[in-house]
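Thanks for making time. I have one structure to go through today, so please have it open in front of you.

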Amino acid sequence: MEEGCSSIGEKDLEHATLHSSSPPPRPLGGWKAVRYILGNETFEKLASMSLVANLVLYLHTKYNLENVDSANVYNIWSGSCNVAPLIGAYLADSHLGKFSTLLYSSIASLMGMVALTLTASLHELTPPACNGQAHCELPNAWQKLVLYSGLGLLVIGSGGLRPCNIAFGADQFDTTTEKGRAQLDSFCNWWYFLFTLALIVALTGVVYIQTNISWVLGFAIPAGCFALSILIFLLGRKLYVRVKPQGSTFGDIMKVIVASFRKFSTRTSGQSLYDAPLIGQESEQMLAHTERFKFLDKAALIVDPDELDSSGNPRTGWRLCSVQQVEQLKCVISLFPVWVSGIGAFIGMQQMPSFGTFQAIQTNRKIGNNFEMPPAWIGLVPMIALSIWIIIYESMYIPWIKKRKNDETGRLTMETRFRVGIVMSILCMVVAGLTEMKRRKSALENRSFQSPITVALLVPQFALAGLIEAFAAIALLELLTTQWPKSMRTFAGAAFFLSLSIASYGTSIIVTIVKKVTSLNGNTSWLDGNDLNKNRLDYYYYIIAALGILNLLFFEFIARHFLSDVDGHDGSRIPSTCDEEKQ
């Protein structure tokens, strides 16, 4: 039930008549509330992206870690930030609610950023600087503990922020109406646009300060942004629609799986299903029973009357589940293949923040005679490409399609967006491999660590990485948020970030395998040390491209068929059966 949204009873109307001079209650939700959520999210992302954009370089320069070690720490930390939302979603849905989860998570992130600022401030917390020595001193156990504690607090913060910020924003709109669904679509795009804007500021201003002025000041600014984001969030606290915790979707899913396996040999014919009645606004979110994945219906079969207590409720939810719980799992399974395809596309996108940055370090970054561009600035390119696409899509393409084809939404189908995103992931890796081949060749010919080729040569591969996000990532985020029922929105946010987490962990696993396999029999590893000129990063990129081709085949022959409930056969968008209300 949403706070502040209950209907006014007769006594309330009578009271309002007697006291007509009192001001009417302020309406909750809508864009008035969302502006505070977007403001909070913008400064939170400005803070977190200021760290993400330069973390690899910080580990490389301040902690003397090699390229592969820095990339693995980054990927594991990034993956942890994206898997923690599963826990955050459970706490928000079962105990804390989205508002409290967002607030506590923001505080944890602030503490983590303060800890990292201390690592840059106190020389005792980092190993001695490596000034070209062959063997640099690595961080000791105490220094690693402080570093990983700060990163761990940021993981805790991400665990609550990432699944709840989109879901909390979506709660402010009435998605039972066409207008509300359109507002939610725009909210997803503007959320990504402001995220991109924050990243641009982080990469240009904060990263420059970190690289060329001071790591201390460069980390203190994000810490201040975290504090400001908390303040903005609290300013809108009286405008928010707050959905009370109604139980964890993740817990319900596990109960359905266990209960269905416990009744695996039970026949469904002639048995009644337990359909728990929902009251109030919960009834508006009730899912209709469907015939798909019928083996899961066994979890709701009433085999023995003793499975219900005297009040008609299950004695244990691990043996008897409601039809509502079963249908929630069916919604998850119906989009699982598409979710897997998204992970495949994200693996290509994950290469740029690590290995793409190392490429930038070993190219000519001079602008004019006196200025050298920080390597992390190349990370602006994906965000600029993404922002340009969103502006073109929202402001030009959609109005044009609406007018020309008389289409109510004017939006690309989910199938088209996913297909384009996967193709972009393949092209990104092919272009990156060709670019690295040219960069390495010129550096070897000149016998120099840095290639004389300009860093602008890296722009196409980073732009393609941005388009992967523009098509595949936004499509997956919108798909999970709109096609799963309202009660699963927090779980949808966690599922989205889990896909990014698996892509990060998958990248670390692929890097480790490639490094070990290519170094067999005394051969030089494709990925080793701190000099890309001695590596074959281009071959590694081609391996990721080959995996992208397999992902495209998986999407074309399997995953896209699961979008039939989302995209009409004529290419139009239709509501998912997961979002239908029971009449």
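Start with Phe293, in the loop between helix H10 (249-262) and H11. Phe293 is partly exposed, with a relative accessible area of 24%. This is a predicted model, and in it Phe293 has a positive phi of about 50 degrees although it is not a glycine.

Arg447 also carries a positive phi of about 50 degrees without being a glycine. Arg447 sits in the loop between H14 and H15. Is Arg447 buried or exposed? Its relative accessible area is 79%, and over 50% counts as exposed, so Arg447 is exposed.

Now the chain as a whole. There are 583 residues, and 54% of them count as buried. The secondary structure comes to 17 helices and 2 strands. Of the contacts in the chain with a separation of 6 or more, 81% are between residues 24 or more positions apart.

Next, helix packing, with two pairs to look at. The first is H11, residues 323-349, with H14, residues 414-445. Their axes come within 8 Å and cross at roughly 25 degrees. Angles under 35 degrees count as roughly parallel, so H11 and H14 are roughly parallel to each other. The crossing of H11 past H14 is left-handed. On the H11 side the contact is made by Val338, Ser341, Ala345 and Gly348. On the H14 side it is made by Phe418, Gly421, Ile422, Ser425 and Met429. By residue class, that contact divides into 5 nonpolar, 4 polar and no charged.

The second pair is H13, residues 380-405, and H15, residues 459-483. Here the axes are 7 Å apart and the helices pack at an angle of about 50 degrees. How are H13 and H15 oriented to each other? They are oblique, because about 50 degrees falls outside the ranges for roughly parallel, roughly antiparallel and roughly perpendicular. H13 passes H15 in a right-handed crossing. H13 contributes Val381, Pro382, Met383, Ala385, Leu386, Trp389 and Ile390 to the contact. From H15 the residues are Val459, Phe462, Ala463, Ala465, Gly466, Leu467, Glu469, Ala470, Phe471 and Ile474. The contact of H13 with H15 divides into 15 nonpolar, 1 polar and 1 charged.

Stay on H15 for a moment, since Gln461 is found in that helix. Gln461 is buried, with a relative accessible area of 0%. What does Gln461 touch, not counting residues up to four places away in sequence? The list is Met352, Gln359, Cys428, Val431, Ala432, Thr435 and Tyr541.

One of those partners, Cys428, is itself buried, again with a relative accessible area of 0%. That leads to the cysteines. How many disulfides does the model have? The count comes to 0 disulfides, where a disulfide would need a pair of cysteine sulfur atoms within 2.5 Å.

Two other cysteines can be placed on the burial scale. Cys225 is buried, with a relative accessible area of 10%. Cys130 counts as partly exposed, at 27% relative accessibility. Cys130 lies in the loop between helix H6 (98-121) and helix H7 (141-170). Leaving aside neighbours within four places in sequence, Cys130 is in contact with Asn64 and Cys136. Given the disulfide count of 0, the pairing of Cys130 with Cys136 should be read as a contact. Cys130 and His60 are 70 residues apart in sequence, and their C-alpha atoms are 9.9 Å apart in space.

The last residue is Gln350, in the loop between H11 and helix H12 (351-361). Is Gln350 buried or exposed? At 8% relative accessibility it counts as buried, because the cut-off for buried is under 20%. Beyond residues up to four places away in sequence, Gln350 touches Asn75, Ser78, Leu500, Ala503, Ser504 and Thr507. Take Leu500 from that list: Gln350 and Leu500 are 150 residues apart along the chain, and their C-alpha atoms are separated by 8.6 Å.

To recap the helix pairs, H11 and H14 are roughly parallel, whereas H13 and H15 are oblique. For the loops, Phe293 is partly exposed, Arg447 is exposed and Gln350 is buried. That is what I had.

Terms used
Residues are numbered from 1 along each chain as its sequence is written. This is a predicted model: local features need pLDDT of at least 70, side-chain atom pairs count only at pLDDT 80 or more; totals for chains, interfaces and linings use all residues. Side-chain values use heavy atoms; hydrogens and water are left out. Axes are lines fitted to C-alpha atoms, for helices over the stretch in contact, and angles run from 0 to 180 degrees between N-to-C directions. Helices (H or I, at least four residues) and strands (E, at least two) are DSSP runs, numbered from the N terminus. Angles under 35 degrees count as roughly parallel, over 145 as roughly antiparallel, 65 to 115 as roughly perpendicular and the rest as oblique. A crossing is left-handed if the near helix is turned anticlockwise from the far one by less than a right angle, and right-handed if clockwise. Contact means heavy atoms within 4.5 Å. Ala, Val, Leu, Ile, Met, Phe, Trp, Tyr, Cys and Pro count as nonpolar, Asp, Glu, Lys and Arg as charged, and the others, Gly among them, as polar. Buried means under 20% relative accessible area, exposed over 50%, partly exposed in between (1.4 Å probe, protein chains only).
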